[in-house]
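I opened a model today and wrote down what I looked up. The entries follow the order in which I checked things.

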Amino acid sequence: MKTVESWQTKKIYAIANALGYVDRQDKDNDILHMIIFSQAGKHSTKELTYREANEIIAYLEKQQNNKIDEVMTAGQKKKCWSLMYELQSLDREPNNAPVGERLAGIIERQFQVKSTPQRIFNRLSRDDGNKLIEILKNYVRTAERKWMN
């Protein structure tokens, strides 16, 4: 299996940085690394295969092409990913579905838009982002209550 090449890593970081997805203070929990984990199940660009790196690049390019002022902000996206990982940590029984698939399912149910792990937030506005955050907070609160009982 062919490993990621340096030009791919540079391109991933260049696009992600332009989108505001790279957080130098919290590199392991920035949006870029959450995307890498949701898309490929890897924690770092170094772990990606050549094909996975190309898929991440394609995803980031789509995000870049769709970037307008009315879409969800990078902060909203980061908060959604953070809440999803918190929700996953509260699972009583291990759930084999990747966090990206779970989030896409929630978005489809709540907003009646097509969402896939590769195109999670594409059809959501800033207002939708705020609503999604509140929905995910409710999911987390419900899961916490179930843990307590």
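The notes below cover the overall fold, then two loop residues.

Entry 1, ground rules. I am working from a predicted model, where local features need pLDDT of at least 70, side-chain atom pairs count only at pLDDT 80 or more, and totals for chains, interfaces and linings use all residues. I number residues from 1 along each chain as its sequence is written, and side-chain values use heavy atoms, with hydrogens and water left out.

Entry 2, fold. I counted six helices and zero strands in the protein chain; these are DSSP runs numbered from the N terminus, helices being H or I of at least four residues and strands E of at least two. The radius of gyration, taken over C-alpha atoms, is 15 Å, close to the 15 Å from the globule rule for 149 residues, so the chain is as compact as a globular protein of that length. That rule is 2.2 Å times the number of residues to the power 0.38. I noted that buried residues (under 20% relative accessible area, 1.4 Å probe, protein chains only) make up 42% of the 149.

Entry 3, T49. I found T49 in the loop between α2 (31-40) and α3 (50-65). T49 is buried, at 10% relative accessible area. Leaving out residues up to four places away in sequence, T49 touches M1, K2, T3, V4 and K42, a contact being heavy atoms within 4.5 Å.

Entry 4, Q112. I placed Q112 in the loop between α5 (99-111) and α6 (126-148). Q112 is exposed (over 50%), with 63% relative accessibility. Its phi is positive, about 50°, although Q112 is not a glycine. Most residues other than glycine have a negative phi.
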